[in-house]
Every structure is written in C-alpha cells, then in structure tokens.
Amino acid sequence: MDQYIGKMLDNRYEIMELIGSGGMANVYKAKCHRLNRMVAVKILKSELAENADFRRRFRDESRAVAQLSHANIVSVYDVSRSGDVEYIVMELIEGITLKQYMERRGQMDWREALHFITQIMRGLSHAHSRGIIHRDIKPQNIMILRDGSVKVADFGIACLASAGQTLTQEALGSVHYISPEQARGDRTDARSDIYSAGVVLYEMLTGKLPFDGDSAVSVAIQHLSSVPLAPRSINPEIPEALELICMKAMTPNADKRYATADEMIDDLEKFRKDPNMDVEYIRTELEEDVNSEPTQAIKPSEVAAITRANHKAGMRNNAAEDDEAAEKKRTRKLMAIVGGSFAAVLILVVLLFKIFGSFGTSTETDGHVVPDLLGKTVEQANQMTEVRDIFQIEVLGTKDSDRYEAGQIIEQDPVAGRTRKNNLVIHVYVCAKEEKEVMPPLTGMNYQEAKVQLNNMGLNLKYDIREEFSDEYKEGDVISTVPAANEELKKGNSILLVVSKGPEKKPVVIPTFTKMSVDEASAEAQKLGLTVGEHQFAYSSQPVGQVIEQSIAATTSVEEGTEIIFTVSKGGEPKSQAVTFAIPETYSGEVTVSFMQDGMSRGEIVVTLEEEKGGSVSYTFSGEAGTTSTVKAFIGDKEIGSEEIRF
C-alpha cells in the first residue's frame, strides 16, 4: 500500500488515494479538513526532496504560481512541508488530460481544436503577464473538464523539470513539444510556450506529432533542423488560415513567431469570426523566413548529440552511403553538362528573338477578357472556352447565399469584363451547402457533455433546458431531446434538452430523537432518508452519549436528504475541590510544588517559606460528579502528600 494513503499532512490534509504519477511527483486526492473540501496534493518524490537547493526552488516556483488566478489555469491553494514531505495543494479537477481525450477521440474536428487552443492561450497569456513561463506545455499538462472547458496544469513543477531534464528516453513525452531554443539549451521566454502550444494545435488538427523518432535526442534534433509536414497535407479539411496560425506559432525562428500569447489569441479570434480571413501577411512572413534564414553553425554540444544518436546507424550504413555518394557524384556531373547545354540554347534563342523579332508579325495579344462565372459550378466554369487553357480558377472558400444553389460560384476576383495579360488566376467563392446533420443519441448522457457534443457539430445551435423528476435517470442526465435522436438538424436550430432532477424527494416527518443514544438516532435518521450532520456536544444531567437536542423539531415535514444535527450529552458538568498539602520544615526559601491527578500532571505553584518553619499549599482539582481521584503533591521528585478525593 502507498505510504501516504491515510496520512494527515500538517493536521489538515488527509490523503485519500493516488490519482496520478509523474517523473517528479505523485498526485493524491485529499480532503482539507479545515475548509471541508476535496483537493489535489502533489508530493515531491523523495529522491528529489533530499536536494536542499531543489526543495528551495520547488517552494519558490510554487509560491509564485500560487499568485495566478485564471479560469484556464489550475489553482494552487497552498505550498508547504510536513516533516520531510514537500507538497503543494491544488484545485482538484474532475476531468481527463487532453492527451487522454485525443487518444479516445482520435483526430479532432478543427472547430474543437480551435475551442481548446484558444483557452490554452488565454491561460498562458495570464501567466506570461505575471512573468511566469510554463516551459512544458504538452497535452499531458492540459486538463479537459466535463463542461468542455480547459485548464493548464503543472506551472511551478514544470519550470523545475525543464532545468534538470536531459534528453533521455524518459524525456520523450516532453521532447515532442519543446521549442528549438530549449533543445539547444538557450534562454527561454514566452515564445517557447507559444511554440509548444503550436505543436499541441498541430497534433489536435492532424492526429499526428510534427516530429517523431526512436529517442529523445533524435526528436530534439528534428526541432532544430527539420520542417514539419503541412497540416493540410495530412487533413485537407483544415482551413488554410488555421494552418498558417499553427505554422507561425511553430516557426523555428523565435523572432518570427507570435511575440505574445495575446497576438496569437487575436488571430484565433479573427479566424473564429471569419474562417476565410485574409492571412496573406502570415504566409508572406513564413516565406520570408524560409528564404532568408541564414546558415547557422551547429554548436559543439549539438554535434556531439547528433554523433551519439547516429553512431550505430552510421556504422551499419557506411558501405551503402559510399556507393550512394559515388552515384550522386556521377549524377551531378551529368546534370552539369545537360544544364550547361540548356543554358547555351536558351541564350541563343533570346539573341535570335532580339535580332529577328521586330521584323516578324507581333505575337503579343491585347490580353484575355475575364468571363462571368457567377451561377456556375467550378466544373462548369472550367469547361468554358473563355476559361479552358487560359485561366486557372482557385476556390478561396465558401459563403452563404440566398441567390445561388450550393456549389455555384457567388463571387469572383477579378470581376467579369476585366482584361488580364498575366496573372491569369480567378479567385472565387462558392455557395456553401446547407449544413444538415442528424440529432445524435444523447439520452442518459450528462447534459453538459451533451452540449459539448452538439457544439462540436459546428451548427451554432441554441439550447433550452427543462428539468423533470426521474426515477430512471440520475440528476443532470438527459431524459429526452427535441428533436429526437436521428431526426434532421439544421444550422441555428433550437434544441430542447429534458434533464433529470433525480427521483422526486418524498416528505419526511421528523420523529423525536431525544432520549435515544446518538448511534440509535443516527441509524433511524438515515433509514428515513435524512442526512446526519456533525454532532455537537454539551454537558447535561442525561447519560453520556444520549441525544439531548435535535436541530429540526419533531413532527416537522422536510424533504429527503435534509440535514439534521444532534446535540449529544457529555454528562454532568465537572466538579472542583481544593486540597491542601503540608510542606515539611526541611524546605525553606522559594520552592516549586507540582501536582498530579490520577497519574496526570495538573500544574505547579511557586511558594516562599521561612527557614525551618515549613508551610502549606493548596491546589484545586476537577472531575466528573460521582467520580474518585487520587491527587498528589511533589517538590522535585519527592512526594510531600497524597490524598483520595470524591467529587
């Protein structure tokens, strides 16, 4: 059994069960007895807690994170130490990690990914504004609540993890999401978190990681030197604007990334409002970055890492590589000869055109008139004689329209009648299909989860909730829906969710519990369907343990589940009795007399005695009425008096 289960930390947090484990700490569900609430307690592993410097940094980082307060960040309540146990107390989240969610759901709809990444960035924005960098953003550190909201976890401990982490196999879970500057060991800032968030968005959109490998080192090297596959080449359903936002966040050059989380949030919000937003400025920035990226020297540490990671594979492949190199050399020589010949021919053609071109008939046309494509499908437009072999039609997206049918072109640029000599591309928007779906089966599902599922359909649905009692469905579960399961849904429809209030509570008539023992009264109350609260105690002439008062008067009618509190007799009030002890003449001056009652220390009194005269001292003892006690007095270790008294 776990050594902490059942343990009480600082006489406040009772450890209930282990709910998670990581490389640096274990997480437990616990009860805070001071505030009577459930919390999560993260206990630093013993091998790390032995390091004094690590303990100090653990406390400093955690206290800094405890100052954060945001809807998208897991709250830290307390940072403390109990004996040799270092721990932090956090908000207990009823949910799963984003990693678990992705494993269950598979590739997400881009709308759902947008919903999650926006909340992640809002949490990061709040933390960054207070100077706190996470440094370990990954799906395992993102919590998904039952209502679909998101909370970023592990701020404080993640900062420490990054400081001591080496690129070993154990680091593989995090290395898929680290920024290039983290892989190099350079200084990190808010842009490192933005890079990692971009990787998380990439994984949500495509269901794949941008870089993968057999070891942490090989993955880290790819962050430094490789370009990931474009998300739309994996999933063409992803809007181009969202793809470019993702790739800008993941740009290896930190200066080309979003400078702040707020900048990325701005673009995400623009995209949410208009999925066809103009993102030419992002594309231009990314193209400039690719074209102007200077050649960089790889640090000796990076060379060493690459050498170690590839040594064995290199030994196996040397012979094959030698043959391949020789073949490449021959190929380059042949291409050089062909390329030189082609260049010479091209120069000759240009010279001939310059010499004889002006004497022949001019081949230059006055340009091509842009045809009218409105009302035609893209396929029909491409078959037009004015388009075929002349213009290229490029679809920018879809828009709603009452004038045209689904699939017909409703906008074009340039407009019909314009003349074009070059740039023979016509950009068009087509009429969006009316979005029709069927109502999913939601009966028996928690209504918050049902709303998340409906929201993910992207139909901008509206909701009405009607609550009804139900013996079949527990409180909060969906009893029925309008429209019913498998009926047609359209964009903007209103949905009625009939939600259970649980079984209808029956009235309970309160009986008389006084004169019963507290155990009998509690059992009877629970049998009636009442909730028994924490007992109160008072002195009374009634026997110890007997109920002397009840918080709800007899014959009162209340609902099932109502709390009742019993006041229990502690017996009669304690009696007191003063006892005088004689002090022998052998003692003089200032002496300390101590007193005991039934073997328990009760107190002491300092008295001043005249020489060789002795004296006396009195002390008041207390006890329950009708009981007997043995009381004694001592000077030092010597007993000077003993008496049996009755109260």
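This is a short tour of a predicted model, stop by stop, with something to select at each one.

**Stop 1: the cores**

Start on the inside. Select Leu-98, Met-121, Met-204 and Met-264: these are the residues with the most contacts inside the largest nonpolar core, which has 77 residues. In general, nonpolar side chains of soluble globular proteins tend to be buried together.

Now keep Met-121 selected and show what surrounds it. Which residues does Met-121 touch, leaving aside its neighbours within four places in sequence? You should find Ile-194, Ala-197, Ala-261, Met-264, Ile-265 and Leu-268. Met-264 turns up again here: it is in contact with Met-121, and it is also on the list of residues with the most contacts in the core.

Apart from that core lies another, made of 18 residues. To see part of it, select Tyr-587, Ala-633, Ile-635 and Ile-645, which are among its members.

**Stop 2: charged pairs**

Next, turn to the salt bridges, of which the model has 21. Side chains of opposite charge can pair when their charged atoms come close.

Pick Glu-86 and Arg-81 to begin with. Their side chains form a salt bridge, at 3.4 Å from N to O. Is Glu-86 buried or exposed? Glu-86 counts as buried because its relative accessibility is 0%, while Arg-81 is partly exposed, at 38%.

Then hop over to Asp-109 and Arg-111, another salt-bridged pair, with 3.2 Å from N to O. Asp-109 is partly exposed, with a relative accessible area of 25%. Arg-111 counts as partly exposed too, at 31%.

The next pair is Asp-255 and Arg-191, whose side chains meet at 2.9 Å, N to O. This one links distant parts of the chain, as its two residues are 64 residues apart. Follow Asp-255 and you land in the loop between α11 (240-249) and α12 (261-273), whereas Arg-191 sits in helix α8, residues 190-206. Asp-255 has a relative accessibility of 64%, so it counts as exposed.

Before moving on, select Arg-122, Glu-269 and Arg-272 together. Salt bridges with shared partners join these three into one network.

**Stop 3: backbone oddities**

Now switch to the backbone. Most peptide bonds are trans, and most residues other than glycine have a negative phi. The next four picks go against that pattern.

Where are the cis bonds? One runs from Asp-413 to Pro-414, with omega near 5 degrees. Pro-414 is in the loop between β12 (409-413) and β13 (419-420). Another cis bond goes from Val-482 to Pro-483, and its omega is near 0 degrees. For Pro-483, look in the loop between β17 (478-482) and β18 (488-490).

Now go to Asn-11, in the loop between β1 (8-9) and β2 (13-21). Asn-11 is not a glycine, yet it has a positive phi of about 55 degrees. Switch on the surface and you'll see that Asn-11 is exposed, with a relative accessible area of 68%.

Finish at Lys-515, in the loop between β20 (507-509) and α17 (518-527). Lys-515 has a positive phi as well, about 80 degrees, although it is not a glycine. At 62% relative accessibility, Lys-515 also counts as exposed.

Key
Residues numbered from 1 in each chain as written. Predicted model: local features only at pLDDT ≥ 70, side-chain atom pairs only at ≥ 80, totals over all residues. Heavy atoms only, no water. Helix = DSSP H or I, 4+ residues; strand = E, 2+ residues; numbered from the N terminus. Buried < 20%, exposed > 50% of the residue type's maximum accessible area, 1.4 Å probe, protein only. Core = buried A, V, L, I, M, F, W, Y, C linked by side-chain atoms within 4.5 Å. Contact = heavy atoms within 4.5 Å. Salt bridge = Lys/Arg side-chain N within 4 Å of Asp/Glu carboxyl O.
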